[in-house]
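Please open the structure in your viewer and keep the selection panel at hand. The tour proceeds by selections, each followed by a description of what is found there.

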Amino acid sequence: MDVTFEQVLHETLGGIDFEPAALKEKYLFERDKRLREDANDQYVQVAGDFSNYVDDPYAAPADRDPVDDHVDVVVIGGGFGGLLMGGRLKENGFDDVRVIEKGGDFGGTWYWNRYPGAMCDVESYCYLPMLEELGYIPKHKYSFAPEIMEHSKNIARHFGLYDNALLSTSVTALRWDDDASVWTIETDRGDSMTARVVAMANGPLNRPKLPGIPGIDSFAGHTFHTSRWDYDYTGGDSSGNLTGLADKRVGIVGTGATAVQCVPHLGEWAEELFVFQRTPSSIDVRNNHETPKDFADSLEPGWQYRRMENFNVLVTGGRQDEDLVNDGWTDIFRNLTGIAAKTASQKLGRRLTPAEKAELMEMADYKKMEAVRARAQQIVDDPNVAESLKPYYRQFCKRPCFHDEYLPTFNRPNVHLVDTDGKGLDAITETGVIANGEHIELDCLIFATGFEVGTSYHRRAGYDVVGRNGVTLSEKWADGLRTLHGLQTADFPNCFFLGFTQGAVTVNVPQTLNEQAVHATHILSEVRDRGASVVECTPDGETAWVDEMQSKARLGRRFRAECTPGYYNNEGKTGNPNGFFSGSYGAGPVRFFEILDEWRSAGDLEGCEIR
Ligand code: NDP
């Protein structure tokens with residue numbers, strides 16, 4: 001007897017023990033009550049009166065004279081993007097490289113984010129760049145922040161990137177001089193230099209944001225953003241031991257991936273902790289462990305790239321014979337993407353129709369999120385608190401979190417979840433906050449409110465870029481990004497962008513950064529080998545890629561429109577041309593990396609002009 005789609009659906013899901021229609025209604029209800037007209041404008045820029053929120057608490061700028069010289073390549077940013085770019089350039093014989101970095105050291109996001117409990121929930125053997133180049137094996141399956149920071153420094157040492165670096169230095173102006181064919185670069189330390197090439201690796205989430213809550217500037221207690229943790233005040237370090245909070249009433253605003261990691265430590269050490277929640281995160285199992293002693297024995301040359309590839313294919317919905325990482329990420333994607341659809345179609349003996357595929361994905365999503373909600377119910381003692389901690393939206397509406405200590409923290413008597421039912425704080429006062437109409441006195445208020453996404457590129461970078469004939473990047477990209485492969489844009493010669501500017505968003509972000517660094521270095525090597533010094537993408541090359549981006553952009557738009565707001569869907573304004581996924585190639589990273597590879601192999605630098 002032929003099996004029906006309904007039977008296959010039940011079998012694939014292992015039964016349907018929930019009410020899909022009721023859940024759909026609940027999801028839309030939860031979304032609607034959070035949608036706000038001001039979207040991204042609800043946040044205030046950390047500038048002017050708020051600029052103390054971005055001061056570097058970790059290092060005083062070293063005394064040095066301003067630099068006034070010429071270098072071959074300036075890399076802006078010393079995080080993973082800058083390290084990979086600098087490293088790949090050095091490997092390929094570009095010796096005159098200077099990294100300019102705002103922080104007091106290399107590390108980027110791992111330099112800034114040192115909050116207690118900071119760690120990476122993407123597997124370390126994939127996530128930490130250049131493990132084979134450095135001969136390093138991470139200590140745990142999921143690395144803690146200090147190890148990642150140390151590894152960043154080791155990459156910089158390995159490639160000699162400290163030699164010429166300008167740390168604690170922010171670029172303030174970047175202008176192309178067409179007569180001399182160089183970039184002129186100015187910084188906040190009075191430097192004025194020229195460079196043949198610039199590579200921008202500013203990071204996608206580098207600028208902390210604050211909520212525009214009435215009275216935000218009036219709090220007289222202690223306050224800081226999680227990416228500038230004040231250990232002088234709290235005591236301890238990123239492993240905890242926050243003894244300075246023993247007699248403090250602490251509030252934390254936000255319950256995203258950052259808060260999920262630091263709340264357990266705050267709960268352990270603060271006299272009282274108030275967690276102000278607008279939307280709960282999805283908290284799945286993390287299950288960290290030390291790297292097995294024999295892990296390295298089984299590894300053959302090229303192992304890290306193969307592992308990254310394996311992970312990338314699986315978390316993009318593709319098939320692999322084995323799952324090398326085998327964790328929460330690959331599990332989610334196995335169940336919620338094309339892999340599940342392929343399995344179902346095999347059972348059915350035919351391809352699923354688009355409607356059947358969509359139904360399967362939606363039902364699998366409900367099933368998964370029911371399990372996440374059941375986990376909260378099971379771990380948290382107070383049923384009302386447990387209910388408040390349950391996320392009612394589809395899994396990829398917000399970044400999934402993986403943590404084993406966050407939910408149990410709400411069983412501590414000194415920890416109070418203040419669920420604002422999607423509204424956020426009402427106001428901040430001199431002595432505390434008002435939430436749900438009630439004033440709560442606080443000694444310390446911590447903002448775990450994330451980073452600017454969806455604002456213009458130049459605002460996030462902190463400077464505009466002036467290309468040929470005075471054209472600025474902000475003007476050029478006012479209606480949306482225009483690039484060739486996300487890396488170059490016409491009228492901005494010898495300029496490369498690393499990050500999410502029309503490339504591909506991957507779960508394992510450093511893999512994208514590596515592919516971009518390899519690609520940019522390849523282009524520069526070709527330019528050198530052909531006896532040229534300048535490369536620029538042509539308007540035609542740019543248009544072809546913009547068209548390709550647009551032809552794939554429809555994927556996921558409806559999905560995101562139904563999501564509860566957050567930075568993944570531009571706070572509900574899915575049409576924002578600067579949005580997180582607007583710069584992401586809709587056909588996914590596997591295809592994107594193939595396109596780059598095919599382009600390099602073709603050897604004709606299509607869409608680029610060199611001179
Ligand atoms: P997010 O942007 O994810 O979270 C910000 C939080 O602040 C949300 O819970 C948001 O609520 C809340 N918020 C904003 N405004 C208000 C308000 N007015 N009142 C109350 N709450 C408010 O920032 P994170 O720093 O947590 O994470 C940023 C990203 O960094 C992650 O998405 C992830 O990509 C990365 N990260 C990665 C980690 C890793 O392990 N690899 C670890 C930590 C971070 P709402 O949801 O309602 O908007």
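Select the ligand and alanine 448: a polar backbone atom of alanine 448 is 3.5 Å from an oxygen atom of the ligand. This is a predicted model, in which local features need pLDDT of at least 70 and side-chain atom pairs count only at pLDDT 80 or more, while totals for chains, interfaces and linings use all residues. Residues are numbered from 1 along each chain as its sequence is written, and side-chain values use heavy atoms, with hydrogens and water left out.

Next, add threonine 279, whose side chain has an N or O atom 2.6 Å from an oxygen atom of the ligand. Add arginine 399 as well; one of its polar side-chain atoms lies 3.2 Å from a ligand oxygen. Then show the full surroundings of the ligand, which comprise 26 residues (a residue counts if one of its heavy atoms lies within 4 Å). The closest are Thr258, Arg278, Thr279, Lys398 and Tyr567.

Now select strands E8, E17, E9, E10 and E13, which in that order form an open sheet with parallel pairing. Helices (H or I, at least four residues) and strands (E, at least two) are DSSP runs, numbered from the N terminus, and two strands pair if DSSP finds at least two bridges between them. The edge strands, each paired on one side only, are E8 (222–225) and E13 (415–419). From one strand to the next, the twist averages 15°.

At one edge, select E8 together with E17 (residues 444–447): four bridges link them in the parallel sense. Phenylalanine 224 has isoleucine 446 in E17 as its bridge partner.

Select helix H9 (residues 257–269), which lies across E9, E10, E13 and E17 and runs at about 170° to E9. Axes are lines fitted to C-alpha atoms, for helices over the stretch in contact, and angles run from 0 to 180 degrees between N-to-C directions.

Proceed to serine 388, in helix H14 (residues 383–388). Its side chain forms a polar contact of 3.2 Å with the side chain of aspartate 419 (a pair of N or O atoms within 3.5 Å; within protein, one must be able to donate a hydrogen and the other to accept it, and residues adjacent in sequence count only if both atoms are side-chain atoms).

Finally, select helices H10 (residues 303–314) and H21 (residues 589–602), whose axes come within 9 Å and cross at roughly 130°.

Definitions and conventions. Contact = heavy atoms within 4.5 Å.
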